[in-house]
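Me: I would like a close look at the aromatic side chains of this model. Please keep it brisk, and set them in the context of the chain.

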Amino acid sequence: MPGEDLVLFFGPDGERQPEREIRERKAKQICMGCPVRTDCLDYAVSRPEKYGTWGGLNEDERASERRRRMRRANAA
C-alpha cells in the first residue's frame with residue numbers, strides 16, 4: 001500500500017454506492033498483488049478493523065471471514 005492514496009482504501013465521507021464499488025474494486029486489485037495481503041487481512045480480522053479495504057476484503061466481507069474463522073475454531 002505504500003504510495004497509494006488512502007482514499008482508495010478507506011473512501012471519502014458521503015461516498016455513494018456506485019463510486020464505492022468502483023473504488024473498492026481498484027483497492028482490491030492492488031491488494032491482490034501485495035506481498036503482505038494475508039498478514040494485512042489477519043490483522044484486520046483479529047482487531048477487528050471496522051472501516052476500509054484490508055487484505056482485499058471490505059467491511060462486510062471481513063465480518064463474514066471473521067465469522068467463518070470463529071466457526072472453524074469452534075469446530076476444532
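Reply: What follows goes from the whole chain to the aromatic rings and then to their surroundings.

This is a predicted model, in which local features need pLDDT of at least 70 and side-chain atom pairs count only at pLDDT 80 or more, while totals for chains, interfaces and linings use all residues. Residues are numbered from 1 along each chain as its sequence is written, and side-chain values use heavy atoms, with hydrogens and water left out.

Start with the frame. The chain has 4 helices and 0 strands (DSSP runs numbered from the N terminus: H or I of at least four residues for helices, E of at least two for strands). From the N terminus, the order is α-α-α-α. The C-alpha trace spans about 40 × 25 × 15 Å along its principal axes. Of the 76 residues, 28% are buried (under 20% relative accessible area; exposed is over 50%, partly exposed in between; 1.4 Å probe, protein chains only).

Now the rings. Phe10, Tyr43 and Trp54 make up one aromatic cluster. Here rings of Phe, Tyr and Trp (its six-membered ring) pair if their centres lie within 6.5 Å; planes under 30 degrees apart are stacked, over 60 edge-to-face, the rest tilted. The count by this rule is 2 aromatic pairs. One of them joins Phe10 and Trp54: the ring centres are 6.1 Å apart and the planes stand at 80°, so this pair is edge-to-face. Phe10 sits in helix α1, while Trp54 sits in the loop between α3 (37-46) and α4 (59-75), so the pair ties together parts that are 44 residues apart in sequence.

The two partners differ in cover. Trp54 is buried, at 17% relative accessible area. Phe10 is partly exposed, at 35%.

Phe10 also takes part in a surface feature. Together with Leu6 and Tyr51, Phe10 forms a nonpolar patch with about 330 Å² of accessible area. Such areas come from the Shrake-Rupley method with a 1.4 Å probe, and for residues only the protein chains shown count as cover. Patch residues have over 30% relative accessible area and no salt bridge; nonpolar side chains (Val, Leu, Ile, Met, Phe, Trp, Tyr) are joined within 5 Å, like charges within 9 Å. A salt bridge is a side-chain nitrogen of Lys or Arg within 4 Å of a carboxyl oxygen of Asp or Glu. Leu6 lies in helix α1 (residues 6-10). Leu6 is partly exposed, at 48%.

Next, helix α3. Leu41, Ala44 and Val45 are buried there. Viewed down the axis of α3, the buried residues fall within an arc of 95° (directions from the axis to the C-beta atoms), so they line one face of the helix. These buried residues pack against α4.

The loop between α3 and α4 deserves a look too. Proline 48 is located in it. A cis peptide bond joins Arg47 to Pro48, with omega about -5°. Most peptide bonds are trans. Gly55 is 8.0 Å from Val36, C-alpha to C-alpha, across 19 residues of sequence. Val36 belongs to the loop between α2 and α3.

Finally, helix α2 (residues 17-32) holds Glu24. Glu24 is buried, at 8%. Neighbours within four places in sequence aside, Glu24 is in contact (heavy atoms within 4.5 Å) with Thr53, Asn58 and Glu59.
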